[in-house]
Structures are given as C-alpha cells and as structure tokens.
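Grab a coffee and open the viewer: here are a few exercises to work through with the coordinates at hand. Try each one yourself before reading the solution.

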Amino acid sequence: MTGFGDFLREFGDSMTVKVTTTVNGKPVSGDVEPNTLLVHFVRENLGLTGTHVGCDTSQCGACTVHFDGRPIKACTILAVQAEGHQVVTIEGIGQPGNLHPMQAAFQENHGLQCGFCTPGMIMAGIGIAERNKGATLSEETIRAELEGNICRCTGYHNIVKSIAAGARDM
Amino acid sequence: MTVQTGIGARVRRKEDVRFITGRGRYTDDINRPGQLHAVFARSPHAHARIGSLDITKAEASPGVVAVLTGADLAADGIGPLPCGWLIHSRDGSPMKQPPHPALSQGTVRYVGEPYAVVIGETREAAQAGADLLDPDFEELPANVDTASAQGVAPIHDGIANNLCYDWTLGDEAATDAALASAAHVVELDIVNNRLIPNAIETRAALGDYDAGTDMLTLYTTSQNPHLARLVLSAFVGLAPEHKLRVVSPDVGGGFGSKIFIYSEETVCGWASKKLRRPVKWTADRSEAFLNDAHGRDHVTKARLALDAGGKFLGLKVSTVANLGAYMSTFSSSIPTYLYGTLLAGQYTTPAIFVEVRSVFTNTTPVDAYRGAGRPEATFLLERIVETAARELGMDPAELRRKNMIPKDAFPYATPVALVYDTGDYQACLDKALALSDYAGFPARRAAAKARGKLRGIGLSCYIEACGLAPSRLAGQLGAGVGLYESAEIRVNPTGNVTVFTGTHSHGQGHETTFAQVVSSRLGIGLDQIEVVHGDTSQGQFGLGTYGSRSLAVGGSALMKASDKIIAKGRKIAAYLLESKPEDIDFEDGVFRVRNTNKAKSFGEIAFAAYVPHHYPLEELEPGLQETAFYDPQNFTYPAGAYVCEVEVDPDTGVTRIVKFTAVDDFGQVINPMIVEGQVHGGIAQGIGQAMLEACRYDRESGQLLTGSMMDYAMPRADDLVNFDLDVVRTDCTHNPLGAKGCGEAGAIGSPPAVINAITDAIGVRTLDMPATPLKVWTALQAGSAAAKGS
C-alpha cells in the first residue's frame, strides 16, 4: 500500500479504476472511483448489503468486515486498497442452516434487537475471540475490545454474553 | 407445544436469522432501476434570511437532473408538515403553530434546515451540484437557549415571546395552600438535558412513482407507516391515500425519532412524482445529528411540600420546554399530556400543579425520544424526593415507602388526570432493595473509602403511562388521530396463519412475540405463523409503534381477532361434528364436542372453510380470516424501582457504575428474554443521558457543537455493566393480555437513580446531567473549597 498518494495523483479523482479482490472466497472485480470506500464497493458494486453504514466518522463499527482475517471498519479503507487481499463479510461467515458459532451465539443470547449493528458486532466478536484464543475471555476484555462498535438497542449486556458464548463455541 | 412457545416462553427470535446472516432488508438496501439520488442543501446558519437563491449553476452541473426549492413545493400544493396534537393555553387560546414547510422559503431557522434539494444521477453528482448553491444569506440574531427564549426577538413572525403555549394542569390554589402550610418545602432547579436519538440506521427514503398506475410507493424508515401515509395524504397533499403506498421494511432502531413526518421523505416522494423516476436519499450521520428530532430539553423549577413526618402535601412545577424551530409531528403533546400527568409518580401527593411554557428556539425540532415526557417527569420527581429525604435526614427508601400509593388503593385517581388501574410499588421497592443489597451498602461505602474511592447509592421509583389511550379521551385532549390498533389473522387453507399488525417492529421482536400470542391462543406452532407489518398495501390501517403501545394495544387487537377466528371455527366444527357451537370446546388447536372424543383439528377446520363442500354455506361465509380493532379503555401503568450504585475516583471525577438493579412490573410478559433486552437497552439510554450524552449548541453562532459521534458521547460497551433485573407482576386490568408495555421503562427509571447515586457519593445537592468526570470533579472541588472556607 506504499505509494498510494502517488497512485491517487496519477489517476486523479474523476476516473474510475478497476479493483480485483477476493470477497467471501470468490474473486470479484468492479469499476470504482479512486476514493470509493471499501464499504461502498461491498454494498453497491457487489450488492452485499449485510455490511452497514451507521456513521461518517468511523465510530460505530456497523461496517466491520474481515480483511486478511482481521476485523477492520470498511469505511476506513479504500476499495482499491483491497486489491489482491481477502475480504470476508457477514454473508461469508455462515448462512441460515449453517451458522458460524458467533452468529448462533447472538441468536441464542438475544444479542441483537434491530439488527443494524449486528453484522459489525459479529465480525468484531469473531476478532475478539480469535485475538484471545487460549486465554480466558473476561467480560472486561470483551467490553474493552468492543469499544469501537456502537449499539443503541441492547445496552451491550446480551452482546457481551453472546461474544463470550460464541468464543467458547469457536 | 404451547408450553415451550406460547405466552411466557423465552423463545429465540424468529427474525434473528436474517439479521445475523446479513440478510436484513433496510431501506438503504433497496434500489430501483433508473433511481436518482437526492442531496439536500441545508442552512449553515441558525437564523438567516435567504436573499436570493441562484440555482442555475447547480442545474448545469454534470449529472444533475433537477434542483427544487420551497417555491416549487408550494407551487405543487405540497403543504407544510403538520403538528398532530392541539394544545390550549391556560387562557383557552390554541397553541401558536408556525408553518413548517418541507423546504424552507425565505427564512431558515436552524442549522441544517433544508432549503433546496439537488437531484442527480449519482449521489456524488447531486452533492457536487449542491455545493454550487450559494444563497445570499442575511444572518439574523439566533437563540438556542431554552430558559431565555421568551425574552428574545421572535423567530416566527407574530409569535410573541417565542411562546407556543402556556399550559397548566392541576389545582394551583390547593397546591399553593399546601406549600404555605408545609413544615418543609424542598425546592430544586432541574435541567433535563437535550439528547440526540442516534438510531444506528440513519433515516432514508426512496420514492418510486409509477405513472402507469399513478401509484407512489415510498420506502422509508418509519415506526408508523400507516400514519405516515395518512399525514402525507391528508395534510401534506403528496398523493391521495389510495394512491400512496408506504413501506417500512426492516428498520434499524427508532427510539421515537422515526415516528415523525420529515422533510426528506416528503421531498423524495414528491420529486419522484415530478421527475417520474425513483428518488433516493439516505441520511449520513451528520445529517441525522442536525435533522432528526431531538429529545428532552426542559428547564424546571419544582417545589415539594412535606409535613413534619415526611408526608408529601403538594408539588408545584414550572417548566420551560424547548420545541426547537418548528413543531414536529407530536412535539406539543410531549411536555404536556405525557409529562404533567405523570407528576404524581407512585405517590399519594394530594395537590399538584404544573405549568409548562413551550418555546421556539433556533434549534432542530424537538419531539418524542424514548420515554417522551415521562423521563422528564420521573427525573424531576425522583430527584426532589431524594433531596427531600436527605434534607429531612430520612432514609430515601423509607420516605418513598411512606408516600407510596398502597396496593389496596387501586384504582387510584391522581390529582393530575390519570387513574392508575393496578400496581404494587412497595413490592417492587422491597425486591430492588434486596437484590441490590441496599442494607449492605454502608459496609461497601466504608470499604471504598479505605481504597480512596467515594461510593454512592441512588434510588428511583418510576411510573409511566403507556399504551395510549382511549381515542375519545385523546381527542378531547387535542390529539389529531385515534389511538386504537388493528390486527388481521388470515388462516390459510392449509391451516398455517399469516398475521397482520398495524404496529411496526424496529428491534422489538414482534415477529416472535406476536406469534407467541397467536400460538397460545390458536394452539398452532410458532413455525406455522408469519407476522407481517410495515407495508400499507398488505395490512389494514394501524398506528405504529411508540409509547410502549404495541403489545398492550396491538397485542390486544390480536387477541380479539383470534377470538373471532375461534368463534367461527366453533361454528364450522359444530356443523362437521353435528353438534352446536356452544357445545364445542377449543383447546390446544383442537375443536371438540364437550366430553366426547369427537374432534376436528384447527387445520381441518381451515381446510373445510376454504373447500366448503361440507359446510353450512346457508349460514356461514366460506374462508377463515378475521380483523379486529382494539381501542384501549385506559393507559397502562408499568412501574418499578431502580437502584444504582456508583464509585467515584475523587482525583479524576471518573465515575463507574458498579451495580445497577431494576425491578419492573410490566404485568403479563409474553417473552421474558425480549423484555429483558428492552430493559437493558432502556437503562443504557438512561445511563447515557445521565452520564454521557449532551446535545450542545454554540450560544453565539447557534452551531451544533455535538454533531458527530466523536463529539456526542454514545454509550459504549465499556461505559456500562451487566444489569441485575427482576420483576413484580400485577396484570393490567383492562386489556385481555394483562400486559403493560416495557419499551421505555429503562430510559425513564434510570437517570434519577444514577444522579441520586453520584450526588450521594460526592455529597452535593444538585448535579446537571450528563455527570461527566469534569463536572463531577468540579463539583467535588467546589464542595471541598466550600468546606475549607466555612
């Protein structure tokens, strides 16, 4: 990703560029503006609307996806930066009838209400579980590491419970 | 079967699968072929005259399809946005309602007010066009302050003192007499801080006009799509009601802010008709901060009269409420009938008088936000009661207990117009004190002190009025709409059921809860029931979801419709079983001739109704489908007792909630798991109000200072703790479910518990919300300076 400023200068901001990446295990490509964010590429070019936009200051975490296996906010990265990388969205981790343990834990523990922050919470929750693999995942750790994801419905009580349960089952 | 899935069962939510797999369908997820994008030009000033507005540059910008202004709206007969509740002042005069055009004309009155819309092939093209609009603004003096609004220049022509109305409730003479004769009078000045709702899904609208059928479809993030259709048809003039379809698909939280009829939804519908192409707008978060109706914003002076023994004799309250620059849809009712009527709380106070002056300011319109009026009443009452206890040297729990309405006193008529049907406030308090180990607090306080920390404990005993309310009474009080709810149960020929409700779920889990009600009643499995809401072309008229009304009112309509299904089913069964309807029992999904084994299943009856080869066609229509409308006889009165325990670090003012206990009485609960979730979320919002959230405008410029999630402190996971919950149950006496409503309780009961705890910890009399570390630390310094000085 070095030389990205050069890239922008070279291509200007009014032309489209082709981005080729891997999303949910499948090769995808699309034409985007150089300043198109990954979240908009995922939602608009690929039609994967499970990744949500909840703010415009990278605070809420509703757009969290996995980038080379790590959770990132898809509004903090340009679509062109995904060139050659692996992106996984909520649609890619499990489906109805074949849920990821973290998805199942959210349903089992009533870790969601309106569902809007939920994809981001699940993607962040998987990240928390993986970062703390082998260690005891305390409530305090979950709360601290969930600081970048905002939920207005649940008061986090059941989200914390869901992530603890999901991590145990992963 | 019904034991695991019916009323009272902790059923996992049916709707969850689509949300946890990214298959939810929110308004912004919907796109239509040929769709255009709307970007709104918004006022950068708090108050300004628009001298001239040249739209030619914007129109010529690449990709711009149209630039529309308030003049275009008016020319097309699209009317102002109405306020749906008429309040009268104490002198009998009606409230002063200024016109609220969807796009302002001539004058803008708050930062963010839309004055034009640019519609482009892409959002970027529309934004580039909007950037070229450069109106000639002549700035005018602006006021954002609630308390001083009556003393500044009017922001609307002809509305003197910026006063919308001067409303009163209660017996002023009796209250004055109580204050004059009292052994103790406790006086408290209270600010209820202004809040910004911030549902995580921002508002969005997609207008899609079909010229072939003259049908306008509006996809939008509404808590009450039918009401939106009614208002947009009858008052705004967007389209006749039968030519307007409003669809609210999955909606990502509302908390009140998605009840109202806003400019952007109106404009997207109108522009789609005008341009004959779909027009879409999705708010970015900055627009949500500027434009979604804000909440609270009261400045109050209250006086509580007590006798020598601590009995409450009278309460006098004077409040100034901020309406913002225009009257949002239900704004007038929030600081009046949803506030003043709640001032008896759980107590037997015999004389109460409240006066409310609602004022216009150069701020975003203010309307219902979770609790809506009731949190403001509860905060005032529970702060002044706690203060009274401290000043009288009484245990706050004891003072409350002494004044509580006893459980054998129901129905209980308060001096502020409500009749509580049932409750057991003492039981809630007892349970909350036990669960929070109130008795053990002094030891915990001492232990904290030994560690250099300050511990405090605070109580709050709340009541709310939910499930509003008889339509006739609401009409007498000025409501522009009815307050019933509807339900339809369509039994399909194969025996499964589609349920239509006029309420709307945006997180509350109706697809599960309502299915549990029908499952219990009709004895069929949850997987045999589909609950449909949110599309005016599918379900019949309904009033939506707000004020914790959906189960108490909408669920009751569902019970009525179920009863009609069972009644018809009995007739069909009687015919098939050669018996009489009155001899048919219905239980667990089986119609049976009493005391026999002659029986037909629910599915068999459904099939007979739709394939009526053996059917009493002379007496009975085929089919099995019933509708019901339910109009409540009274409000419901959830109540509870909350205990908050905090620990303050005196060096930094950083305050940590160490334990939060909530005991609520919601009457009959359908799904305890969902109800607990509602309480958790409500408490989080209440703690947010008490400790984190503050909407701030710059007093000079009128600019919104807290216009992003970086400036406005939303509660995050590490700000909160796990909550300890329990319930007391006294069933609502006047609806068939005995249900009271649970959606707002947490946000109503928690703020005073938190502030009572913090003021207890640091030994100050008052502390304005939000109690940030800076405020707590400053109060501590002032306290110790005062102690040194004396």
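## Exercise 1: domains of chain B

The domain assignment splits chain B into domain 1 (2-22 + 484-630), domain 2 (33-140 + 201-252 + 258-291) and domain 3 (298-468 + 634-789). Keep in mind that this is a predicted model.

**Task.** Work out how far apart the C-alpha centres of domain 1 and domain 2 of chain B lie, and how many residues each gives to their contact.

**Solution.**
1. Start with the centres: for domain 1 and domain 2 of chain B, the C-alpha centres are 39 Å apart.
2. Next, count the contact: 13 residues come from domain 1 of chain B and 15 residues from domain 2 of chain B.
3. Now sort the domain 1 side by class, and you get three nonpolar, nine polar and one charged.

## Exercise 2: a four-stranded sheet

**Task.** Find the strand order of the open sheet that contains β18 of chain B, then say which strands stand at its edges.

**Solution.**
1. Trace the neighbours: the order is β18-β26-β27-β28 (chain B), and the pairing is mixed.
2. Look for strands with a single partner. These are β18 (454-463) and β28 (724-727) of chain B, so each has one side without a neighbour in the sheet.
3. Check the twist: ignoring direction, neighbouring strands here are turned by 15° against each other on average.
4. Zoom in on one pair. β18(B) and β26 (residues 639-648) of chain B run antiparallel and are joined by ten bridges; along β26(B), Glu647(B) stands opposite Arg455(B).
5. Finally, add the helix: α12 (residues 425-435) of chain B lies across β18, β26, β27 (655-665) and β28 of chain B, at about 25° to β26(B).

## Exercise 3: two crossing helices

**Task.** Decide how α16 (residues 550-576) and α17 (residues 602-610) of chain B are oriented towards each other, and list the residues through which they meet.

**Solution.**
1. Fit the axes: those of α16(B) and α17(B) come within 10 Å and cross at roughly 85°.
2. Classify the angle. Since 65 to 115 degrees counts as roughly perpendicular, that is the label for α16(B) against α17(B).
3. List the contacts: from α16(B), Gly569(B), Ile572(B), Ala573(B) and Leu576(B) meet Ile605(B), Ala608(B) and Ala609(B) of α17(B).
4. Tally by class, which gives six nonpolar, one polar and no charged residues.

## Exercise 4: the sheet beside those helices

**Task.** Describe the open sheet of β22, β23 and β24 in chain B, and say which strands α16(B) touches.

**Solution.**
1. Get the order: three strands run β22-β23-β24 (chain B), with antiparallel pairing.
2. Find the edges. β22 (584-587) and β24 (599-601) of chain B each have a single partner strand, so one side of each lacks a neighbour in the sheet.
3. Average the twist, and it comes to 20° from one strand to the next.
4. Inspect a pair: β23 (residues 590-593) of chain B and β24(B) share three bridges in the antiparallel sense, and Val590(B) has Ser601(B) in β24(B) as its bridge partner.
5. Bring back the helices. α16(B) packs on the sheet, touching β22, β23 and β24 of chain B, and its direction makes about 130° with that of β22(B). α17(B) packs on the sheet too, touching β23 and β24 of chain B, at about 80° to the direction of β24(B).

How values were computed: Residues numbered from 1 in each chain as written. Chains lettered and ligands numbered in written order. Predicted model: local features only at pLDDT ≥ 70, side-chain atom pairs only at ≥ 80, totals over all residues. Pairing = 2+ DSSP bridges. Axes fitted to C-alpha atoms, helices over the stretch in contact; angles between N-to-C directions. Contact = placed C-beta atoms within 7 Å. Parallel < 35°, antiparallel > 145°, perpendicular 65-115°, else oblique. Nonpolar A, V, L, I, M, F, W, Y, C, P; charged D, E, K, R; others polar. Domains from an automatic or database assignment.
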